[in-house]
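Student: Please pick one part of this structure and take me through it closely. I'd like to see how that part connects with what lies around it.

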Amino acid sequence: MTAPVLTAPRGSTPRGDRFGLRDLVRESAAGIDARPGRLFLTILGTVLGIASVVVTVGLAQTAAGQIARRFDAVAATQAMATASTTRGADGNQRATAPLPWDAAERAERLAGVEAAGLVAPVDVDGAPVTAVPVNDPSAPATTSVAVLAGTGDLLDAVRGEVVTGRFFDAGHDARADRVVVLGVRAADRLGVSRVDRQPSVFIGDRSYTVIGIVDGMQRRTDLRDAVVLPVGTARADFGLAAPEELHLRIAVGAGPVVGEQLPVALSPNTPETVTVQVPGGSGGVRADVQADISTIFLALGGVALLIGGLGIANVTLLSVMERTGEIGLRRALGARRRDIAAQFVLESATVGLLGGMVGASLGVAVVVAVSAAQSWTPILHLGVVLVAAAGGGVVGLLAGVYPALKAARVEPIAALRGGV
């Protein structure tokens, strides 16, 4: 006797295993929670990828902040004025008009100028610079040391510092005293290490008392290798004709104003004869450096994030292969392809989102720790952290597309027989 065959009413469709959103979330959560060890390893890859992105972006922003401070502390506070030049009949460049001897005093009257000092090379007509008289039989070989002239505020203007002794002042300049200050490397070459015993150096047969040794001079590092005379002394002994450069230390942001007013202050009748170099207000160089650093760090973070995404894809694909029997059974009971695909995509996206949140938190902690160790101010925009955490979910979503499609293509009969 044949068993009766049950048929659905005319016009109806078997409902089968239809998932709603709640069912999909529940099944995905169960799939993720079923293998905690594998979940940890999968999340670890995403954590490292997202943490790398946050750390690199955070350190890029922090480093850019440090660079900005350096620009503000040095480049943005330095200016210089020189005499404009023109090409003469012999083809050589000649100054159209020299800077005035009181250029430093005029510049210091301008708003935003904190210190100003003149400097000029001194032509000693080939006279040797030594630490002993040239007629001494035991004198060492002549040392080639540059001789420069400067005003009393030059050290402040070029951000120098006194290593020992002192720098000459306006009194030495006005009296044309035969005193000198040595740059630190020039002092080493001349064998002068202390000034308390009033050592002397000789330029030709003239003796000059060393009153100080200086270092620093970020704007004019050549001063470290030079013997520096007061301008008045250089004029009296060597006939210095005119100063060459006027160096200024200005307030941050005062560059445009100083650049406009300084030529008029130095040469009211012919301001075009003065060339002024001041830091611009746009910060173009600083922006370029920040962009270069950010590009490098973002490239490294992108590579790390790609590795994390591949890890999620591999583990999800392995999970599909291990659960082939489960997939076939669900398909046999009526589950649609899109239900199977949606389950694996949601599992992968959830794993990526968890890894993104943990990785973003870890990245923030690393940025703060590194900044504290280096005595930096940590800089990391909140939007970067939130985007990085969400990026973990996006990476997980994309990484799960191929495994989900592969799972959706599983045929019930082949799966139940043990194939894929």
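Tutor: Let's begin with a term: a salt bridge here is a side-chain nitrogen of Lys or Arg within 4 Å of a carboxyl oxygen of Asp or Glu. The model is predicted, so local features need pLDDT of at least 70 and side-chain atom pairs count only at pLDDT 80 or more, while totals for chains, interfaces and linings use all residues. Residues are numbered from 1 along each chain as its sequence is written, and side-chain values use heavy atoms, with hydrogens and water left out.

The part I'd pick is helix α7, residues 231–238. Helices and strands are DSSP runs (H or I over at least four residues for a helix, E over at least two for a strand), numbered from the N terminus. Of the 8 residues in α7, 6 are buried, so the helix is mostly covered. For burial, under 20% relative accessible area is buried, over 50% is exposed and anything in between is partly exposed (1.4 Å probe, protein chains only). The buried set in α7 is V231, G232, T233, A234, D237 and F238. What covers them includes two helix and strand neighbours you'll meet again below, α5 and β6, along with β9 (200–203), β10 (206–215) and β11; contact means heavy atoms within 4.5 Å. Just past the helix, G239 takes a positive phi of about 65 degrees.

Now look at D237 in that buried set. Its relative accessible area is 16%, yet its side chain meets that of R178 in a salt bridge, at 3.2 Å from N to O. R178 sits in the loop between α5 (170–175) and β8 (179–183) while D237 belongs to α7, so the pair ties together parts that are 59 residues apart in sequence. The arginine end is partly exposed, at 40% relative accessibility. Side chains of opposite charge can pair when their charged atoms come close.

Close to R178 in the numbering there is another pair of this kind: R175 and D177 meet in a salt bridge at 2.9 Å, N to O. R175 is exposed, with a relative accessible area of 54%. Under the same rule the count for the model comes to 10 salt bridges. Among them is the one between R194 and D196, at 2.5 Å, N to O; here R194 is partly exposed at 41%, and D196 is exposed at 53%. Salt bridges that share partners also join R220, D222 and E245 into one network.

Back to the cover over α7, and to strand β6 (residues 146–150) in it. With 4 of its 5 residues buried, β6 is largely enclosed by the rest of the structure. Strands pair when DSSP finds at least two bridges between them. Strand β11 (residues 226–230) runs parallel to β6, and 5 bridges join the two; A146 stands opposite A226 there. Strand β4 (residues 113–121) runs antiparallel to β6 with 3 bridges, and V119 stands opposite G150.

Helix α7 also has a share in an open space. A pocket is an open set of points on a 1 Å grid over the protein atoms alone, with protein on both sides within 12 Å along at least five of seven lines, and its lining residues have an atom within 4 Å of a point. A volume is the space filled by probe spheres set on the points, which are joined across faces, edges and corners. The second largest pocket holds about 270 Å³. It is lined by 15 residues, and those closest to its centre are E105, T151, G152, A170 and D173. The elements giving two or more residues to this lining are α3 (103–108), α5 and α7. By class, the lining divides into 6 nonpolar, 3 polar and 6 charged residues. Here Ala, Val, Leu, Ile, Met, Phe, Trp, Tyr, Cys and Pro count as nonpolar, Asp, Glu, Lys and Arg as charged, and the others, Gly among them, as polar.

To put α7 back together: 6 of its 8 residues are buried, β6, α5 and β11 are among the elements that cover them, D237 pairs with R178, and the helix helps to line the second largest pocket.

Terms used: 1 Å grid on protein atoms, 1.4 Å probe; cavity = no way out; pocket = protein on both sides within 12 Å on 5 of 7 lines; lining within 4 Å.
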